[in-house]
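Welcome, and thanks for taking a look. Please have the sequence and the model open side by side as you read this briefing.

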Amino acid sequence: MTASLFDLPEFEPLPGMESFAPAPSPPAKTRRRRSIVPVTSGAVPDHESGAVDAAPAETSNADAAASHAHTVTFVHTADWQIGMTRHYLDADAAHAYAAARRDAITRIGAVAREVGAEFIVVSGDVFEDHRVSDKTIRQTLDVLGDCGMPVYLLPGNHDTADPASVYRSRAFIDGQPANVTVLTDSAVRVREGIELVPAPWANKHPLTDLVNARIDCAGVNSGNVIRIVVGHGGVDTIVPGDDPALISVQALERAVESGQVDYVALGDRHSVTDVGGSGRIWYSGAHEVTNFDHIETEPGHVLAVTLRREGERREIDVAPHRVGEWSFRSITRDIAGADDIEALRAELEAVDGKPHVVVQLGLVGAVTIAEYAVLEEMLDQFRDRFAALVPWGKIDQLTVVGTESDVESMGLTGYAADAARELLAVADSEADDAAPTARDALALLRRLATR
Ligand SMILES: [Mn+2]
């Protein structure tokens, strides 16, 4: 098991592990302020250090101190996994979903410009894997080129920086826009006073806490530099187990507390998550949903981060912005008759933006053959209207209860009536694997017979 539990496409929490998966995350619209003095979130003055450097010689002590102050605003995002597909989407929906995941990058660029960001960091898993098509790579690079500011890409566990890496492909190298940088182990000086400390994945099974190892390498931060760590993987306070690659939150907090680093921009977990108690260690979450809402609680966001550092005095402002448009919803309902079917109809009807919503439905209970036929006809219609409507694996276990009189009411005779009775016996048996198929066949038979 690698440290990247949360981006496994179909990861379901193990029994008793539910409490680990969707850790508390802030409401999307809440602005998180931890500033000593609130930082104005608009455009960051282009070069306050430059401006102060140019100030006349009679500057006061306060001005002299300010000459060492640095402020930066940037956008933190991760886990785009461009090229990802979901098996439950048909061709149309899959196409729309892929396009949405690209369009969300365009919205990230817009958010970045709106908040006055100087750059965008993508904390790993930019691409789904090494096999993404050249077309996907080229289209992604075009969108990145249009962001209008530097974009730093970190190789994560899906897009490791190994010899077969996407980043070494001809399509990537030929198409790489000037504003796009693939991060390596080397620290990056964005500009005076602003530094990135990246911890890329060189292979899929690191044997150490890469992020804290890179922080150790970066050493003491004596120069009043704003240091932004860019890392990927599971943290030990959320992911259970003893994987040596798990990132120690305690070590991160020490680095933050001591002033060695100012912010840790993490990727791998698809829900936006404030890690630990410092308010300076975050997962941005995926920019667009990748899994159902009982697993991913807050995907579809990016974080606008403003950091200010002036000697001992440090300020931070972290604000989530919604960029995702799709949602994957898990719904379970007990169906015990016509009223419950109508309630479900009303609930599904009320969902906004159906072409961008995938519903996973777990129905339990018991219905008559006639009710089941109504339910199936209703779900058929919704299947056309939602991006997808799929049964929720083992949870979906509706029992069809029927009697001889149900079969008689279909008005069938001869072989057809015998077949209906046979199907009824199978549909009623809880143990039979063919029960769901028998149930569907009965409902279809009823719909055909009562037309
Ligand atoms: Mn990952």
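Which residue follows α3, and what is the sign of its phi? Helix α3 is followed by G116, and the phi of G116 is positive, near 75 degrees. Please keep in mind that this is a predicted model.

**The protein as a whole**

- You will find twelve helices and 17 strands in the protein.
- Of the 451 residues, 39% are buried.
- Among contacts with a separation of 6 or more, 75% come from residues 24 or more positions apart.

**Helix α3 and its surroundings**

- Helix α3 takes in residues 91-114, which is 24 residues.
- From the first C-alpha of α3 to the last, the reach is 35 Å, close to the 34 Å expected at 1.5 Å a residue.
- The buried residues in α3 are Y97, R101, A104, I105, I108, G109, V111 and A112.
- Strands help to cover these buried residues of α3, including β2 (70-77), β3 (119-122), β12 (301-310) and β13 (313-322).
- A helix, α4 (134-145), is also part of what covers the buried residues of α3.

**The six-stranded open sheet**

- Follow the strands of this open sheet in the order β6-β7-β8-β9-β11-β10, and you will meet mixed pairing.
- At the edges sit β6 (188-191) and β10 (273-274), each of which pairs on one side only.
- Strands of a sheet pair through backbone hydrogen bonds, in either a parallel or an antiparallel sense.
- For β6 and β7 (residues 194-198), the sense is antiparallel, and the pairing runs over three bridges.
- One residue to look up here is R191, whose bridge partner in β7 is I194.
- Helix α6 (residues 210-218) lies across β7 and β8 (226-232), and α6 runs at about 155 degrees to β8.

**Two aspartates with positive phi**

- D79 has a phi near 55 degrees, a positive value in a residue other than glycine.
- To find D79, look in the loop between β2 and α3.
- Why does D79 count as buried? There are 29 other C-beta atoms within 10 Å of D79, and the cut-off for a buried residue is 20 or more.
- D268 is not a glycine either, and its phi is positive at about 125 degrees.
- The loop between β9 (263-267) and β10 is the place of D268.
- D268 is buried because 30 other C-beta atoms lie within 10 Å, where 20 or more are needed.

Notes
Residues are numbered from 1 along each chain as its sequence is written. This is a predicted model: local features need pLDDT of at least 70, side-chain atom pairs count only at pLDDT 80 or more; totals for chains, interfaces and linings use all residues. Helices (H or I, at least four residues) and strands (E, at least two) are DSSP runs, numbered from the N terminus. The expected span of a helix is 1.5 Å times one less than its number of residues. A residue is buried if 20 or more other C-beta atoms lie within 10 Å of its own, exposed if 12 or fewer, and partly exposed in between; C-beta atoms are placed from the backbone. Two residues are in contact if their C-beta atoms, placed from the backbone, lie within 7 Å. Two strands pair if DSSP finds at least two bridges between them. Axes are lines fitted to C-alpha atoms, for helices over the stretch in contact, and angles run from 0 to 180 degrees between N-to-C directions.
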